[in-house]
Amino acid sequence: STYIKYSTVVEKHIIPKLGDCCPLGFTTELMDDFIRELQFEDELAPKTVHDILVVLHGILKFTASKCKGVFPTVEINYPKIGKKEMRVLSREEQARFISYLQKDLDPCRFGILLCTGIRIGELCALRWEYVSTRDKAIKIVETLQRLRDTGASQNARTRIVIGPPKSDTSVRTIPMTEYAAGLC
């Protein structure tokens, strides 16, 4: 998934805007222009611009290691990423939401009711064998990702990959409430 993310950044943003530039001609001013273009012409979010610049920085660092003493020092001024305030539902909103989900309960609504503390990819990869109503616990051991298929035919541009979570701390056991165990 990391390779696909990086290659997409290179193909979609870096090559179209900087592909004609000679690497030895890279300057801090060129980088500033590139950043402004991403932010104001392409109207990308600061986090997206930051992620693009991380990939570009890695490319420049690698190139500099291969061209010792020749490659110019380029300063990259990363955009400031503001903290987003997370909105939490009020008790009344929670009760209304749960009431809505319980009406005409189907697999999708069941998943939403069950998924507190579970990421969407983890929920999509969840199997009954990981749910224990006896222990009132859900084991998270897999996650689902939809990735761009780099060797795709024209019919299938993405593929679904189920595998372990990205980090060891994401493998965990989540306790269930009596209500959630009853739903199961």
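**Exercise 1. Determine the hand of the α2/α3 crossing, then describe how the two helices pack.**

Step 1. In this predicted model, α2 and α3 cross with a right-handed sense.

Step 2. Take the axes. Those of α2 (residues 28-41) and α3 come within 11 Å. They cross at roughly 150°.

Step 3. Classify the angle. Over 145 degrees counts as roughly antiparallel. Therefore α2 is roughly antiparallel to α3.

Step 4. List the contact residues. α2 supplies Met-31, Phe-34, Ile-35, Leu-38 and Gln-39. α3 supplies Val-49, Ile-52, Leu-53, Leu-56 and Leu-60.

**Exercise 2. Give the same kind of description for α1 and α2.**

Step 1. The axes of α1 (residues 2-18) and α2 come within 11 Å, crossing at roughly 130°.

Step 2. An angle between 115 and 145 degrees falls in the oblique class. So α1 and α2 are oblique to each other.

Step 3. The crossing of α1 past α2 is right-handed.

Step 4. On α1, the residues in contact are His-13, Ile-14, Lys-17 and Leu-18. They meet Leu-30, Met-31, Phe-34, Glu-37 and Leu-38 of α2.

**Exercise 3. Check the span of α4 against the expected value, then inspect the residue just after it.**

Step 1. α4 has twelve residues. The expected span is 1.5 Å times one less than the number of residues. For α4, that should give 16 Å.

Step 2. The end C-alpha atoms of α4 are 16 Å apart, so the span agrees with the expectation.

Step 3. Just after α4 comes Asp-104, with a positive phi of about 55°.

**Exercise 4. Place Glu-85 and Glu-142, and decide for each: buried or exposed?**

Step 1. Locate Glu-85. It sits in the loop between α3 (46-66) and α4 (91-102).

Step 2. The relative accessible area of Glu-85 is 75%. Exposed means over 50%, so Glu-85 is exposed.

Step 3. Compare sequence and space. Glu-85 and Phe-71 are 14 residues apart in sequence. Their C-alpha atoms are 42 Å apart.

Step 4. Locate Glu-142. It lies in the loop between β2 (137-140) and β3 (143-148).

Step 5. Glu-142 has a relative accessible area of 16%. The buried class is under 20%, so Glu-142 is buried.

Step 6. Find the surroundings of Glu-142. Leaving out residues up to four places away in sequence, Glu-142 touches Glu-122, Ala-125, Arg-127, Tyr-130, Ile-162, Gly-163, Pro-164 and Pro-165.

Step 7. Find its polar partner. The side chains of Glu-142 and Arg-127 are joined by a polar contact of 2.7 Å.

Note on methods
Residues are numbered from 1 along each chain as its sequence is written. This is a predicted model: local features need pLDDT of at least 70, side-chain atom pairs count only at pLDDT 80 or more; totals for chains, interfaces and linings use all residues. Side-chain values use heavy atoms; hydrogens and water are left out. Helices (H or I, at least four residues) and strands (E, at least two) are DSSP runs, numbered from the N terminus. Buried means under 20% relative accessible area, exposed over 50%, partly exposed in between (1.4 Å probe, protein chains only). A polar contact is a pair of N or O atoms within 3.5 Å; within protein, one must be able to donate a hydrogen and the other to accept it, and residues adjacent in sequence count only if both atoms are side-chain atoms. Contact means heavy atoms within 4.5 Å. Axes are lines fitted to C-alpha atoms, for helices over the stretch in contact, and angles run from 0 to 180 degrees between N-to-C directions. Angles under 35 degrees count as roughly parallel, over 145 as roughly antiparallel, 65 to 115 as roughly perpendicular and the rest as oblique. A crossing is left-handed if the near helix is turned anticlockwise from the far one by less than a right angle, and right-handed if clockwise.
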